[in-house]
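Q: Please take a close look at the side chains that are shut away from the solvent in this model, with the charged ones and the cysteines in mind. I would like one connected account that I can follow while turning the structure on screen.

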Amino acid sequence: MFPELNSILNSTPDSFKSSDFILVSDRRADASFLIHHHLSFYLRAGCKVCFLGLVQSFSHYSAVSQRLGVSLAQAREKGQLVFFEGLKNSIGVILQEDTSQETQPLSYLRTPGAGLEGLFRFVERSVRQSGDGYAGESWGPPVLLIDDLSVLLSLGVSVGAILDFTLYCQAAVCSELQGNVVILVRCEEEDADDDEEGSNLLQRGLVHQCNLALHVEGLPTGYCRDIHGQMEVWWRQGEETIYNQRKIFHFKVHDKGASFFARGTSSAVL
Amino acid sequence: MAAPVSGMAGSTSTGNATSFQKKPRRKLVSIPGTRPSVQNGQLLVSSGVSSLDYVIGGGLAVGTLLLVEEDRYDSYSHMLLRYFLAEGVVCGHELFLASARDHPDEIVQELPSPIVDDVAGMKISEGQSQPSDPENPDTMKIAWRYQNQPRVQPFTMDQQPPAPPNPFTALAVASAHPSFFRFQKRPLLPLPVPYHALLKSIQTVIRKEGFDGSTPQSKVRNVLRLGLHSLGSVLWGDDVCCKDNPAHCHALTTFLYALRGLLRTSLSVAMVTVPSHLIQNRAVMGRIIRLSDTAIALESFRGSEKETNPLYKDYHGLLHVRQLPRLNCLSCEVPDTKDLAFKLKRKQFTIEVSSQ
């Protein structure tokens with residue numbers, strides 16, 4: 001959890017907006033540090049978290065969260081965190097040796113043209129489980145975190161199928177259960193030739209669905225050692241605001257967090 | 001955090017004996033040829049070229065994938081692959097080499113051998129007259145200069161077979177013969193047959209030799225080095241390099257995703273070269289880069305107009321660092337500069353910041 005990002009987004013683990021659909025995207029940069037922020041944020045807030053880790057192993061997230069002050073192994077044991085190991089389980093499915101029921105969520109790997117229904121059923125099961133920790137404590141509203149969605153495009157799933165999946169997730173998690181959804185999408189350059197099946201199309205479709213979009217890019221002026229990039233925050237109009245709001249910040253990622261500052265106020269410049 | 005103070009409550013401690021206890025040191029896994037990273041404790045292996053190790057943050061982390069985008073004639077990238085394998089031989093790691101173009105045995109015959117440090121060579125020759133006393137100040141100067149050399153020995157381009165005493169076992173060398181597989185009618189696979197066979201044999205090797213910790217450790221733990229040459233080229237049965245809208249556009253990316261899964265769950269490092277200059281679809285190239293951990297691209301000057309450019313007269317090509325991994329930590333190694341050029345001299349492949 002990054003305190004500066006909390007103040008930018010006006011949210012704390014004690015009070016945050018519910019039924020929120022947050023899109024984290026990047027273009028030729030790495031926005032995964034924002035996923036680590038949201039993971040530790042919602043675990044601290046006491047929510048039930050369903051994490052689809054499709055590109056990294058559990059130990060990676062666990063090591064980073066340790067530095068941010070949250071223990072994933074403990075959360076998983078207590079039942080607060082449901083972690084889906086996409087990477088480890090997919091080898092068996094791709095090599096067609098594992099046909100058991102546990103790999104039903106990975107059915108999109110068996111037949112490349114298929115949809116993500118298996119994955120959605122898994123998500124639905126995980127978020128609808130009532131809080132039955134050993135101490136009988138019930139968790140807060142459910143949260144779905146996906147890292148990252150655009151890797152499904154590399155595995156042969158179509159953009160339409162992915163957008164259907166996110167619509168179903170939004171209906172199940174945000175509308176019915178008043179929970180939050182945070183999705184990471186990694187994009188190409190804007191002028192990529194084939195856009196029909198590209199990640200740009202996916203990102204544009206998701207921007208229309210979301211309430212809050214965080215877009216990370218490199219600096220437009222080039223590479224800089226001290227400022228790792230710029231982050232654009234876009235709020236959809238809500239009850240109080242009449243128009244959409246948009247702000248740009250520069251950031252630098254440290255070992256234990258990230259610092260955000262207004263453009264031009266980096267310590268390297270001042 | 002200090003160890004809990006024990007035996008202080010209520011008792012007058014004996015004079016100068018402190019009650020702080022030293023925490024028992026955790027046993028670190030020590031595998032030959034690896035060292036822990038100073039930043040995040042990852043286990044690193046050398047890629048064979050010391051200046052490349054420096055550029056990518058100390059070395060290749062075990063469990064990750066290095067992607068090398070080939071230069072136009074696949075000369076320097078092929079050499080990097082051979083350096084990677086030769087380093088594995090010297091460190092005593094197991095090797096797995098897959099190539100669809102050259103037979104893997106031929107590649108293995110041509111691995112470069114390490115050079116011996118020249119200063120040590122002078123001491124070995126006892127009988128010869130050594131330029132010692134009158135040039136004492138000079139020999140001291142030479143010794144001082146060699147002090148700053150990096151630990152990893154650079155390699156020559158000698159065509160000798162690997163003479164060092166470490167015997168290596170090239171465990172499985174797979175070369176794809178698509179015609180063999182087409183006789184059988186197979187159900188629709190998510191991967192085309194050569195990639196499927198390659199993935200299957202990699203998984204078999206990892207399981208059988210216990211790199212993923214599945215078999216009980218009867219022998220010393222070791223690292224498996226995988227060298228995969230020219231994935232994505234037509235010889236692997238993939239048409240992503242020859243068509244704008246390939247029929248198998250997800251084959252290579254699915255393969256890399258599965259390979260990533262295998263690497264993360266075992267003690268292995270992979271180096272994959274891809275002929276990126278043949279891939280027309282930039283989106284596919286972007287996905288391939290994101291599926292690997294460290295990605296570099298080589299651009300050689302041979303045959304291009306940059307060969308005669310006075311700016312580049314000392315170098316043989318440019319090295320672009322496309323991606324550096326963030327493993328088990330938030331931040332990654334941030335290089336000072338991105339203008340890197342490489343040159344291949346008789347004994348060394350060096351990467352330097354291109355002047356100006």
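A: A residue is called buried here when its relative accessible area is under 20%, and exposed when that value is over 50%, with partly exposed in between. Please keep in mind that this is a predicted model.

Let's begin with the cysteines. Over all chains, the structure holds zero disulfides. C169(A) is in no disulfide, and its nearest cysteine sulfur, on C50(A), is 8.5 Å away. C169(A) is buried because its relative accessible area is 2%. C210(A) is in no disulfide either: the nearest cysteine sulfur belongs to C174(A), 11 Å away. With a relative accessible area of 0%, C210(A) is buried.

Buried residues are also found in helix α3 of chain A, residues 58–68, so that is a good next stop. They are F58(A), H60(A), Y61(A), S62(A), V64(A), S65(A) and L68(A). Their cover includes α2, β2, α4, β3 and β4 of chain A. Just after the helix, G69(A) takes a positive phi of about 95°.

Now for the charged side chains, beginning with one in chain B. E70(B) sits in the loop between β4 (65–69) and α2 (76–91) of that chain. It is buried yet has no salt bridge, and the nearest side chain of opposite charge, R101(B), is 6.2 Å away. What E70(B) does have is a side-chain polar contact of 3.0 Å with T273(B). Leaving aside residues up to four places away in sequence, the residues that E70(B) touches include S77(B), H229(B), S230(B), P275(B) and H277(B).

Elsewhere, charged side chains do find partners: the structure holds 19 salt bridges over all chains. In one of them, R27(A) pairs with E217(A), the closest N and O atoms being 3.9 Å apart. R27(A) lies in strand β1 and E217(A) in strand β6 of chain A, so this pair ties together parts that are 190 residues apart in sequence. R27(A) counts as buried because its relative accessibility is 13%, while E217(A), at 25%, is partly exposed.

A second salt bridge in chain A joins E176(A) and R128(A), with closest N and O atoms 3.2 Å apart. Here E176(A) belongs to helix α9 and R128(A) to helix α7, and the two residues are 48 residues apart. E176(A) counts as exposed because its relative accessibility is 51%, and R128(A), at 38%, is partly exposed. Both residues belong to a network of salt bridges that also links E117(A), R121(A) and E124(A).

Chain B offers a pair in which both partners are buried, namely R264(B) and D293(B). Their side chains meet in a salt bridge of 2.8 Å, N to O. R264(B) lies in helix α8 and D293(B) in the loop between α9 and β9 of chain B, so the pair ties together parts that are 29 residues apart in sequence.

To finish in chain B, have a look at its open sheet of three strands, with the order β1-β2-β3 and antiparallel pairing. The edge strands are β1 (34–36) and β3 (60–61), each pairing on one side only. Three bridges join β1(B) to strand β2, residues 43–45 of chain B, and P36(B) has L43(B) in β2(B) as its bridge partner.

How values were computed. Residues numbered from 1 in each chain as written. Chains lettered and ligands numbered in written order. Predicted model: local features only at pLDDT ≥ 70, side-chain atom pairs only at ≥ 80, totals over all residues. Heavy atoms only, no water. Buried < 20%, exposed > 50% of the residue type's maximum accessible area, 1.4 Å probe, protein only. Helix = DSSP H or I, 4+ residues; strand = E, 2+ residues; numbered from the N terminus. Contact = heavy atoms within 4.5 Å. Disulfide = S-S within 2.5 Å. Pairing = 2+ DSSP bridges. Lys, Arg positive; Asp, Glu negative; His and termini not counted. Salt bridge = Lys/Arg side-chain N within 4 Å of Asp/Glu carboxyl O. Polar contact = N/O pair within 3.5 Å; in protein donor to acceptor, adjacent residues only side chain to side chain.
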